[in-house]
Amino acid sequence: MMLHAVVKPRALPASFSIVPSEGLCQRSGTRRLVVMNTAAGAVVEEGSRQKDGIQRLTIVQPDDWHLHLRDGDGLNAVAPLSAGVFRRAIIMPNLKPPVTNLSAALAYRDRIMKALPSNVEFEPLMTLYLTDVTTRQDIKDASESGLVKAVKLYPAGATTNSQAGVTDLFGKCMPVLEEMVEQGLLLLVHGEVADQTVDIFDREKVFIETVLTPLRKKLPKLKIVMEHITTEDAVQFVESNTDGMVAATVTPQHLLMNRNALFQGGLQPHNYCLPVLKRETHRRALVAAVTSGSKRFFLGTDSAPHERSAKEASCGCAGIFSAPIALPLYAEAFEQAGALDKLEGFASLNGPDFYGLPRNSNTTTLIRKSWHVPKEYGFGPGAVVPMWAGQALNWNIE
Ligand SMILES: [Zn+2]
C-alpha cells in the first residue's frame, strides 16, 4: 500500500473531534502520533482529517465478499457499478426462486456477465442457497465446477427472499455440511435467529450461542464466514476461534452508523437493513476489529438495492445500497479511526487469503476530495437511493 502524505509542521491540538454527517457518530479522543507505512516514512496524525494529511491512497484492487446483484433490469443497472470498483464479488443467491444448484448458479452467472460492459474485468464468485433439501450431489457438482465458492445459510424468514431457508440445520443439512468440508466449500451465514420471540437487537448473539457454537463443535473443519456482523459478541466469537476457521465481513453502514440513524429527525427507511443497526458500543467494537490488523475481518458491502418505492413504503424493505460508494465510505470509517494504513488488508488482502484465492494484481487509488453522494441511481424503470444520499464524503476513487 502506498500512502501519499504531505505533512507540514504545525501546532498539535490536544484532542480532535469529527464533524458528524447525518447519521454519523461524533467522537473525540486523545490525539496520537503514528508512523504510517508511507513511501516517504512520514509521520501523520492518527485521527487527523486536516487538509494537509494523506491525499492519495493506493491499494491492491479490492473485492466485495458479500453482494446482492438482484436480477433482470435491476441486475443490469447495478452490476456495472460494482464492476467499476471491485475485481471480484461473492454473489448472494437469494433470488426468487433462490439459486440452489449448479445449473441455476451458472445461468445466473451468465446473466451477470451479460449485464457488464465488455471492457470491464469482473469475476462473479457464485454461491448456492442452502435448503433443507440440498443434496451431497449438489455440493459435489458446485465444487467441481470451480465457479461456486461457497454456500449461504439463511435461517428461514431471516431476511429478503429467505422463505426457502433452512429449518433443520443439525438434522437434514448435516450430510451436506460434511460434504462441504470434503469439497472445501465455505459456509456463509446470515447470523441471526429467525425466532420472532427473540428481540431483534439480540438475534445475532442468540444465533452465536444456539447455532454457531454447537456447529463449530460438530464440524470443526468447516470454514465459516459470519456475514455482515453487527455486534461486539460477533467480534468476540470470531476472535475466540483461534484455529483460523472463522472470519467475518463488515458493511460500511455498520461501521459508520448506529441505531440512532434509523430515527434521526423521523423514520429513515434508507438506513434500514438486516441485521438492523445496533447501539454505539457495538459500532465501536466493529471499528476496533477491522482496524486491529486482524486478518479475519474483511470487506463485504451487503449492498442490497431496492426500488425507492419499496423502501419508502408503509412496510419498507430491508437493505442498504452502497456498491458504487462503498470504498469511499470505508475510507471515511478507517480515517475516523486513524487507521487508513489498515484499509488495504481489510479491503483487498484478508478476503482472498481466507478464501484461498489469489490476491488481485492491479491497484486502486483513492484521493482526498470532497464530493457529494448522488441522490439516486437508475434501477430498471425506477431508482435506488444509496447510503448517505446527497451527503458529503471526503474520499473518492481516482
Ligand atoms: Zn446480504
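Helices (H or I, at least four residues) and strands (E, at least two) are DSSP runs, numbered from the N terminus. With that rule, Gly293 can be placed in the loop between α8 and β14 (297–299). The model is predicted: local features need pLDDT of at least 70, side-chain atom pairs count only at pLDDT 80 or more, and totals for chains, interfaces and linings use all residues. Residues are numbered from 1 along each chain as its sequence is written.

**Exercise 1. Take stock of the chain and its confidence.**

Step 1. Count the elements. The protein chain has eleven helices and 18 strands.

Step 2. Check burial. A residue is buried if 20 or more other C-beta atoms lie within 10 Å of its own, exposed if 12 or fewer, and partly exposed in between; C-beta atoms are placed from the backbone. Of the 398 residues in the protein chain, 47% are buried.

Step 3. Check contacts. Two residues are in contact if their C-beta atoms, placed from the backbone, lie within 7 Å. Take the contacts between residues at least 6 apart in sequence: 71% of them join residues at least 24 apart.

Step 4. Read the confidence. pLDDT is the predictor's confidence in each residue, from 0 to 100. Its mean over the protein chain is 89, and 86% of the residues reach 70 or more. Residues 6–51 have pLDDT below 50; this stretch has 71 contacts in the model beyond near neighbours in sequence. Where pLDDT is low, the predicted coordinates should not be read in detail.

**Exercise 2. Describe where Gly293 sits and what it touches.**

Step 1. Is Gly293 buried or exposed? Gly293 has 12 other C-beta atoms within 10 Å, so it is exposed.

Step 2. Find its contacts. Leaving aside neighbours within four places in sequence, Gly293 is in contact with Lys342 and Gly345.

Step 3. Look at the spacing. Gly293 and Gly345 are 52 residues apart along the chain, and their C-alpha atoms are separated by 7.3 Å.

**Exercise 3. Work out how α8 and α10 are packed.**

Step 1. List the buried residues of α8 (280–290). They are His282, Arg283, Leu286, Val287, Ala289 and Val290. These residues lie on the same side of α8, because they cover an arc of only 160° around the axis. The arc is that of the directions from the helix axis to the C-beta atoms.

Step 2. Name the cover. The buried residues of α8 are covered by elements including α6, β13, α7, β14, α10 and α11 (343–355).

Step 3. Turn to α10. Eleven of its eleven residues are buried, so α10 is largely enclosed by the rest of the structure. Among them are Leu327, Tyr330, Glu332 and Phe334.

Step 4. Name the partners of α10. Its buried residues pack against α7, α8, β14, α11, β15 (363–372) and β18 (392–397). Gly338 follows α10 and has a positive phi, near 65°.

**Exercise 4. Trace the nonpolar core from Met226.**

Step 1. Define the core. A nonpolar core is a set of buried Ala, Val, Leu, Ile, Met, Phe, Trp, Tyr and Cys residues joined through C-beta atoms within 7 Å.

Step 2. Find the best-connected members. The largest core has 105 residues, and Leu187, Met226, Ala248, Tyr330 and Leu343 touch the most other members. Helix α10 (residues 326–336) gives the largest share of this core, seven residues.

Step 3. Follow Met226. Not counting residues up to four places away in sequence, Met226 touches Val189, Gly191, Ala234, Val238, Val246 and Ala248.

Step 4. Move to α6 (residues 232–240). Its buried residues are Asp233, Ala234, Val235, Phe237 and Val238. Their cover includes α5 (203–218), β12 (224–226), β13 (246–250) and α8.

**Exercise 5. Find the unusual backbone geometry.**

Step 1. Recall the norm. Most residues other than glycine have a negative phi, and most peptide bonds are trans.

Step 2. Find the cis bonds. One runs from Lys96 to Pro97, with omega near -5°. Pro97 is in the loop between β8 (88–91) and α2 (102–114). Another joins Leu274 and Pro275, with omega about -5°. Pro275 is in the loop between α7 (252–256) and α8.

Step 3. Find the positive phi values. Arg70 has phi near 60°. This residue is in the loop between β7 (64–67) and α1 (72–83). Arg70 counts as buried because it has 24 C-beta neighbours inside 10 Å. His228 has a positive phi of about 35°. The loop between β12 and α6 holds His228.
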